[in-house]
Amino acid sequence: MSEVDRESDVAAHRRRKLAARRELGDAYPNAFRREDTAADLHARHGDAAKDALEAASVRAVVAGRIMLRRVMGKASFLTLEDPSGRIQCYLRRNEVGAETYEEFKDLWDIGDIVGVEGALMKTNRGELTVQASAVHLLAKSLKPLPEKYHGLVDQETRYRQRYLDLMVNEESREVFRVRARLTASMRRFFDERGYLEVETPMMHPIPGGATARPFVTHHNSLGVDLYLRVAPELYLKRLVIGGFERVYEINRCFRNEGLSPRHNPEFTTVEFYQAFADYRDLMDLTEELLGSLLDEIAGGRVLRFGDDDLDFRQFARRTMSEAVGEATGKTPSEVADPEALAALARGLNIAVEPHWQWGRLLTEVFEARVEESLVQPTFITQYPAEVSPLARRSAADPRLTDRFELFVAGREVANGFSELNDPDEQAERFRAQAALKSRGDLEAMHFDQDFLTALEYGMPPTAGEGIGVDRLAMLLTNRTTIRDVVLFPQMRPAGSEEAT
RNA sequence: GGGUCGUUAGCUCAGUCGGUAGAGCAGCGGGCUUUUAACCCGUUGGUCCUGGGUUCGAGCCCCAGACGGCCCA
């Protein structure tokens with residue numbers, strides 16, 4: 001590349017400026033200390049009158065990234081951004097000195113990290129401003145920032161280079177602040193109720209706790225394959241058996257499935273278990289939890305999401321059979337009939353497999369016809385045992401379990417049930433799953449003898465639940481794509497990238 | 001996996017009928033001591049995603065592929 005081409009490149013200009021800065025001394029000093037944040041200065045002095053503020057000669061020491069630059073002959077304005085917000089700085093040649101002012105004009109760019117100290121003033125237009133007496137270039141930015149008005153719009157770049165998105169898009173920063181408040185608020189909720197926060201293994205010798213395809217990895221010195229967990233359930237139950245009767249875990253699960261606006265291969269759940277409780281207690285607890293989260297984060301229990309006002313003041317409760325009957329116009333006896341359900345399923349273009357029994361058919365029809373229509377918070381209860389290998393059977397009907405899922409805005413948000421604590425029946429259910437697996441069902445569960453051994457020591461009557469944290473974050477931030485609420489979403493590798 | 005839309009300057013985007021690529025911002029040079037998406041004058045910058053094909057001629061049409069968005073499975 002010729003010298004002329006390099007000269008025309010933005011990055012080359014900035015490298016030249018960095019080189020010039022190095023000549024003048026340490027180009028990446030770490031001695032400057034911020035004393036004031038933008039938001040704090042605005043809060044304390046934003047309302048002050050111009051004359052009074054300037055008479056008081058309030059000293060301020062700020063630091064941040066240059067977002068805007070307005071250079072005039074002998075005086076300039078900078079818009080500095082720190083984590084709290086923006087503050088304007090005013091540099092006058094007379095005040096900072098000719099040499100410094102020229103250095104600023106020649107070597108500083110939008111994107112640089114700088115420190116400014118000086119007295120607070122108000123401009124004629126009333127904007128609070130730090131009138132610089134001294135300025136410091138703290139870190140040179142060698143890459144041009146996205147356009148200052150439109151910001152960064154390209155979704156691919158926003159996900160692949162999240163730091164750029166965060167740098168220039170305040171809405172994006174706010175999403176992740178809300179997400180952090182969400183998990184903090186959850187922890188408070190469970191801590192206050194005597195739940196112990198625990199961390200269980202991410203690498204499982206036998207994947208379990210959900211019907212899903214796992215990622216496989218390998219432990220070299222043990223010489224065994226391990227699976228990234230699809231759910232923490234079986235370990236949390238071991239803790240209940242051990243005597244930690246209330247536990248919760250907020251962490252990642254991994255499922256080896258496709259990428260979509262609703263699925264990231266790694267995602268976050270909160271799972272919690274409570275001895276001497278059943279699924280009804282957990283539905284009540286879930287209403288309480290979501291209500292308190294909304295109070296704290298959204299400031300009320302009605303949440304605007306897309307075109308809907310989601311009302312969390314009351315949650316509907318309906319059995320899966322009822323919901324399917326309503327959606328399809330079938331009578332209870334038709335919904336209870338496997339043949340009728342199979343016909344219904346075929347009519348919905350579902351690839352019905354011969355070994356599916358009533359429970360699986362009902363669930364498939366439910367997913368195809370009902371799920372999406374559950375906009376307002378709705379608990380669907382009485383899931384079939386066939387699709388609930390870890391849940392306790394209903395006393396009233398052995399085909400069903402004491403299980404629920406919560407749906408909001410057409411999405412599954414929570415899944416909970418009274419736990420199956422009979423080791424012999426659990427062994428039976430594992431055998432049924434293993435049979436599915438040998439038929440080629442990659443999502444079916446493994447037979448987990450180690451977990452059965454734990455159950456044989458006796459698990460108290462228990463209920464447990466998992467809630468999708470990403471999905472809650474989507475609801476609270478009005479996003480329809482999980483990638484908008486995951487800091488670094490999984491992307492297909494971009495191929496050979498820039499070498500410089 | 002299928003369908004569909006998109007990919008043009010660092011960023012945000014135009015690009016007519018197929019006739020050889022533009023704007024704003026950023027950058028560079030100059031001017032300007034209360035600007036604020038500063039402004040004024042001048043100006044550099046392109047693998048039009050990649051590879052084929054059709055054509056006298058392709059950013060534009062056709063085929064294949066890559067990556068992304070959305071929908072479906």
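1. Two strands are taken as paired if DSSP finds at least two bridges between them, and the strands themselves (E, at least two residues), like the helices (H or I, at least four), are DSSP runs numbered from the N terminus. On that basis, Gly416 has Glu465 in β18 as its bridge partner. The two strands concerned, β17 (residues 411–418) and β18 (residues 462–468), run antiparallel and are joined by five bridges.

2. On provenance and conventions: this is a predicted model, in which local features need pLDDT of at least 70 and side-chain atom pairs count only at pLDDT 80 or more, while totals for chains, interfaces and linings use all residues. Residues are numbered from 1 along each chain as its sequence is written, chains are lettered from A and ligands numbered from 1 in the order in which they are written, and side-chain values use heavy atoms, with hydrogens and water left out.

3. The β17 and β18 pair belongs to an open sheet of eight strands with mixed pairing, whose order is β6-β10-β11-β18-β17-β16-β15-β14. At the edges stand β6 (196–197) and β14 (316–319), each of which has a single partner strand, so one side of each lacks a neighbour in the sheet. Strands of a sheet pair through backbone hydrogen bonds, in either the parallel or the antiparallel sense.

4. Two helices that lie across this sheet deserve a look, with contact taken as heavy atoms within 4.5 Å and with angles, from 0 to 180 degrees between N-to-C directions, taken between lines fitted to C-alpha atoms, for helices over the stretch in contact. Helix α9 (residues 170–192) lies across β6, β10 (246–254) and β11 (266–275), and runs at about 155 degrees to β10. Helix α12 (residues 320–328), in turn, lies across β14 and β15 (378–381), at about 90 degrees to β14.

5. A second assembly is a closed barrel of five strands, in the order β1-β2-β3-β5-β4 and again with mixed pairing; from one strand to the next, the twist averages 55 degrees. Within the barrel, β1 (residues 59–71) and β2 (residues 75–82) run antiparallel and are joined by six bridges, with Arg70 standing opposite Phe77 in β2. Helix α6 (residues 98–107) lies across β1, β2, β3 (85–92) and β5 (128–139), and its direction makes an angle of about 50 degrees with β1.

6. Glu117 is a residue of strand β4 (residues 113–122), and it counts as buried because its relative accessibility is 17%, the classes being buried under 20% relative accessible area, exposed over 50% and partly exposed in between (1.4 Å probe, protein chains only). Its side chain makes a polar contact with the side chain of Arg59 at 3.4 Å, where the term covers a pair of N or O atoms within 3.5 Å; within protein, one must be able to donate a hydrogen and the other to accept it, and residues adjacent in sequence count only if both atoms are side-chain atoms. Residues up to four places away in sequence aside, Glu117 touches Arg59 and others, among them Phe32, Val130 and His136.

7. Asp470, in helix α18 (residues 469–477), is buried because its relative accessible area is 3%. The side chain of Asp470 makes a polar contact of 2.8 Å with that of Arg179, and, neighbours within four places in sequence left aside, its contacts are Arg179, Phe267, Thr268, Ile482, Val485 and Val486.

8. Arg179 and Asp470 also appear, with Arg252, Thr268 and Leu487, as the closest to the centre among the 17 residues that line the second largest pocket, which holds about 370 Å³ of space. A pocket here is an open set of points, on a 1 Å grid over the protein atoms alone, with protein on both sides within 12 Å along at least five of seven lines; a cavity is a set where a 1.4 Å probe fits but cannot get out, and lining residues have an atom within 4 Å of a point. Helix α9 gives the most to the lining of this pocket, with five residues.

9. Over the whole structure, a search finds two cavities of 30 Å³ or more, and the largest cavity has a volume of about 40 Å³, volume being the space filled by probe spheres set on grid points that are joined across faces, edges and corners. The lining of the largest cavity includes Pro207, Val230, Lys437 and His446.
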